[in-house]
Amino acid sequence: MRETPRAGHPQHRPHRADAHTAGASRSGTPHRSDGRPPHTPRGARQPDPLGRPGTTPPVPGRPALFSALVALAVVTWQVLVHGPLTRLDERVSRSLVDTVPRWLSELASDLGNLTVALPVLAAAMAYAFFRGRRAAALYAGLAMAAVPLLVVPLKEWTARPGPLEPWAHGYYPSGHTATAMVAYFGAAYLVSRRLVPVAAVLTAVTGTGLVLRGFHWPLDVLASLCLSFLVLAVSSSCTRRSSG
């Protein structure tokens with residue numbers, strides 16, 4: 001004979017609402033009792049306090065950093081041994097020098113002068129400082145200070161002659177290109193990420209002007225781009241950590 005519960009003593013059965021409440025308390029976020037994600041955008045969206053535009057610069061992934069480091073090492077090795085890549089670089093450079101008016105190429109290369117690029121970065125650092133982003137401004141300034149500390153020893157080590165001045169040495173890598181890239185990209189990260197394309201254009205114009213005027217070989221510019229990319233990546237990583 002099947003036994004039924006006696007009156008006055010009802011058995012407690014777990015309800016779906018109880019399981020739902022327990023699951024929510026364990027995870028800290030509301031979800032459906034059947035395990036599926038909620039249909040509301042609020043439930044599916046995760047908070048991201050660092051995702052606001054202009055807060056922290058993006059940090060390149062490891063493959064990009066590794067590629068830049070390998071490219072810098074290979075180009076430096078070719079310059080030191082005067083390998084086939086260097087000889088090709090010299091032939092290409094001679095075919096490009098003075099293909100545009102000198103006043104135009106000089107104007108473009110001047111974008112990498114400290115007297116032009118440094119005030120842009122300084123203004124962006126002041127803007128970020130007064131907006132409360134002191135750590136970001138500090139790391140941008142340190143990145144700019146790291147440029148001569150890295151470029152000058154490489155110039156002394158490689159002692160590469162210039163395209164138009166073979167008697168002079170110390171052209172590899174290009175200090176003007178590194179100055180332009182670190183300054184303009186650093187300023188763009190401090191003010192707004194929307195200015196990153198502008199920084200890219202200014203850097204490209206600087207490097208192109210240096211090659212067309214004959215101030216640097218193309219590999220000098222390429223090496224500076226890789227080196228500056230690594231410097232900016234370290235600066236961005238430090239900024240993100242301090243913000244986090």
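Biologist: Where does Pro173 sit?
Modeller: This is a predicted model, and residues are numbered from 1 along each chain as its sequence is written. Helices (H or I, at least four residues) and strands (E, at least two) are DSSP runs, numbered from the N terminus. Pro173 is placed in the loop between helix H7 (134-158) and H8.

Biologist: What is the omega of the peptide bond between Tyr172 and Pro173?
Modeller: Most peptide bonds are trans. The bond joining Tyr172 and Pro173 is cis. Its omega is about -10°.

Biologist: Which residues does Ala223 touch, leaving out those up to four places away in sequence?
Modeller: Ala223 is in helix H10. A touch is a contact, that is, heavy atoms within 4.5 Å. Two of the partners of Ala223 are Tyr172 and Pro173, the pair joined by the cis bond. The full list is Leu72, Val75, Tyr172 and Pro173.

Biologist: Is Ala223 buried or exposed?
Modeller: Buried means under 20% relative accessible area, exposed over 50%, and partly exposed in between (1.4 Å probe, protein chains only). The relative accessible area of Ala223 is 1%. Therefore Ala223 counts as buried.

Biologist: What separates the C-alpha atoms of Ala223 and Ala178?
Modeller: Along the chain, Ala223 and Ala178 are 45 residues apart. Their C-alpha atoms are separated by 9.0 Å.

Biologist: Which residue shares a side-chain polar contact with His216?
Modeller: Local features need pLDDT of at least 70 and side-chain atom pairs count only at pLDDT 80 or more, whereas totals for chains, interfaces and linings use all residues; side-chain values use heavy atoms, without hydrogens and water. A polar contact is a pair of N or O atoms within 3.5 Å; within protein, one must be able to donate a hydrogen and the other to accept it, and residues adjacent in sequence count only if both atoms are side-chain atoms. His216 lies in the loop between helix H9 (196-213) and helix H10 (218-243). At 3.3 Å, its side chain is joined to that of Asp220.

Biologist: What is the relative accessible area of His216?
Modeller: Among the residues that His216 touches are Ser93, Lys155, Tyr171, Pro173 and Leu210. His216 counts as buried, because its relative accessible area is 7%.

Biologist: How many of the residues in H8 are buried?
Modeller: Helix H8 covers residues 175-191 and has 17 residues. From first C-alpha to last it reaches 24 Å, close to the expected 24 Å; the expected span is 1.5 Å times one less than the number of residues. H8 is mostly covered, and the buried count is 15 of 17.

Biologist: How does H8 run relative to H9: parallel or antiparallel?
Modeller: Axes are lines fitted to C-alpha atoms, for helices over the stretch in contact, and angles run from 0 to 180 degrees between N-to-C directions. The axes of H8 and H9 come within 8 Å and cross at roughly 170°. Under 35 degrees counts as roughly parallel, over 145 as roughly antiparallel, 65 to 115 as roughly perpendicular and the rest as oblique. So H8 and H9 are roughly antiparallel.

Biologist: How many nonpolar, polar and charged residues are in the contact of H8 with H9?
Modeller: The H8 side includes Ala180, Tyr184 and Phe185, and the H9 side includes Ala199, Leu202 and Leu210. Ala, Val, Leu, Ile, Met, Phe, Trp, Tyr, Cys and Pro count as nonpolar, Asp, Glu, Lys and Arg as charged, and the others, Gly among them, as polar. The split is 11 nonpolar, five polar and no charged.

Biologist: Which residues does Ala199 touch, leaving out those up to four places away in sequence?
Modeller: Ala199 is in helix H9. At 2% relative accessibility, Ala199 is buried. Its partners are Tyr184, Phe185 and Ala188.

Biologist: What is the phi of Asp98?
Modeller: Most residues other than glycine have a negative phi. Asp98 is not a glycine, yet its phi is positive. Asp98 lies in the loop between H4 and helix H5 (102-109) and is partly exposed at 35%. Its phi is about 65°.

Biologist: And what is the phi of His82?
Modeller: His82 is in the loop between helix H3 (62-81) and helix H4 (84-96). With a relative accessible area of 37%, His82 is partly exposed. Its phi is positive, near 50°.

Biologist: Which residues does Glu106 touch, leaving out those up to four places away in sequence?
Modeller: Glu106 lies in helix H5 and is partly exposed at 32% relative accessibility. Its C-alpha is 9.2 Å from that of Phe215, 109 residues apart along the chain. Glu106 touches Arg213 and Phe215.

Biologist: How many helices and strands does the chain have?
Modeller: Of the 244 residues of the chain, 36% count as buried. The secondary structure comes to 10 helices and zero strands.
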